[in-house]
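Open the model in your viewer and keep the selection box handy. We will go from stop to stop, choosing a few residues each time and seeing what lies there.

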Protein chains: 2
Amino acid sequence: MTNTKRSRQREAILEVIQGTKCHPTADWVYSEVRKIIPNISLGTVYRNLSQLSEKGTIQKLHMGTASEHFDGNPNPHYHVCCTQCGKIDDIDAEPFEKFNAWAADMYDGEIFEHYTLFTGKCSQCKSIKF
Amino acid sequence: MTNTKRSRQREAILEVIQGTKCHPTADWVYSEVRKIIPNISLGTVYRNLSQLSEKGTIQKLHMGTASEHFDGNPNPHYHVCCTQCGKIDDIDAEPFEKFNAWAADMYDGEIFEHYTLFTGKCSQCKSIKF
DNA sequence: TTCAATATTGATAACTGTTACTATTATTAT
DNA sequence: ATAATAATAGTAACAGTTATCAATATTGAA
């Protein structure tokens, strides 16, 4: 299983995640891909999302929720989860490298990387008046 | 269910998580608590771990693994997961507040908090020579 | 100390997100 | 074409967790 063959299904799945900014779950991808391939199976969606994230084409995001989220952008970047509407926004910036050095200073082992999730209020929710 | 009554089970559970530094899963807590109360049920462990973390007595940690971890220390602090042995260490430091301001600067909404998990190599694994 | 109100429990069933299995189909290199 | 095998659809199995419920324990008041 070291080699890989193309499949209509995988290409449709990739198109769907790369075509959205919403950091969807497998289930959301499944319902979208079914608009293209109506009889695709949920297992196929899971299998390909895993394969694609293992190859580094997409990334898997752990949001601390029941289900995993996926991101069509494989480059490391931060996310903000809106506490009001739940939307996950990107922060378009390079990783904050100094943070690792700061942590390493207070830790007797080594620090390699960090994964950060911000909470906040997205611009839409921010503009709603009560 | 707004009021709360004491229970032997909950107190034993609390003793177990407060008495370890290993950031255990519900299952680990279950097997430890059974040494004190052999016929305690797994559901009771889950119920009380949830209740205690909702009340802020302990905290629930999302490590990006299948099962949730718990921390008897309710104060916000960072964790390092050793990529070699999987151990979760504490970083004993106040949250890095400047990080929120840095993120807010690149985001058009508001930033409230951040949750960070570091990866690295713990001091024991670091000292092993190959 | 008894009693009523109700929070908590143990046992177990149910649920959810995900992975594994298997016979069939599709892709690829020759 | 054909042989090798990766990928699929469909479905069962699985792990972690939550819900259900009758029985038990805790609490405050009489």
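Start by selecting K5(A) together with DNA strand C: an N or O atom in the side chain of K5(A) is 3.1 Å from a base oxygen of the strand. That pair is a polar contact, meaning two N or O atoms within 3.5 Å; inside protein, one must be able to donate a hydrogen and the other to accept it, and residues adjacent in sequence count only if both atoms are side-chain atoms. Before moving on, note that this is a predicted model, where local features need pLDDT of at least 70, side-chain atom pairs count only at pLDDT 80 or more, and totals for chains, interfaces and linings use all residues. Residues are numbered from 1 along each chain as its sequence is written, chains are lettered from A and ligands numbered from 1 in the order in which they are written, and side-chain values use heavy atoms, with hydrogens and water left out.

Next, select T44(B), where a side-chain N or O atom sits 2.4 Å from a phosphate oxygen of DNA strand C. Add S41(B): here a backbone N or O atom is 3.2 Å from a phosphate oxygen of that strand.

Now show everything near DNA strand C (a residue is near if one of its heavy atoms lies within 4 Å). You should find 22 residues, and Y46(A), K5(B), S7(B), R10(B) and T44(B) come nearest. Of the strand's atoms within 4 Å of the protein, 77% belong to sugar and phosphate. Colour these residues by class: five are nonpolar, eleven polar and six charged. Here Ala, Val, Leu, Ile, Met, Phe, Trp, Tyr, Cys and Pro count as nonpolar, Asp, Glu, Lys and Arg as charged, and the others, Gly among them, as polar.

Which helix gives the most to this surface near DNA strand C? Select α3(B), which supplies four residues, the most. Helices are DSSP runs of H or I with at least four residues, numbered from the N terminus.

Switch to DNA strand D and select K5(B). A side-chain N or O atom of K5(B) is 3.0 Å from a base oxygen of strand D. Then try Y46(B), whose side chain places an N or O atom 2.5 Å from a phosphate oxygen of strand D. At E68(B), a polar backbone atom is 2.8 Å from a phosphate oxygen of strand D.

Widen the selection: 22 residues surround DNA strand D, with K5(A), S7(A), T44(A), R47(A) and Y46(B) closest. Sugar and phosphate make up 78% of the strand D atoms within 4 Å of the protein. The largest share of this surface, four residues, comes from α3(A).

For the last stop, leave the DNA and look at how helices pack. Select α2(A), residues 26–33, and α3(A): they pack at about 120°, with axes 9 Å apart. Axes are lines fitted to C-alpha atoms over the stretch in contact, and angles run from 0 to 180 degrees between N-to-C directions. At that angle, α2(A) is therefore oblique to α3(A); angles under 35 degrees count as roughly parallel, over 145 as roughly antiparallel, 65 to 115 as roughly perpendicular and the rest as oblique.

Which residues of α2(A) and α3(A) meet? Show A26(A), D27(A), V29(A) and Y30(A) from α2(A), and L42(A), V45(A), Y46(A) and L49(A) from α3(A); contact means heavy atoms within 4.5 Å. By class, seven residues of this contact are nonpolar, none polar and one charged.

Key
Helix = DSSP H or I, 4+ residues; strand = E, 2+ residues; numbered from the N terminus.
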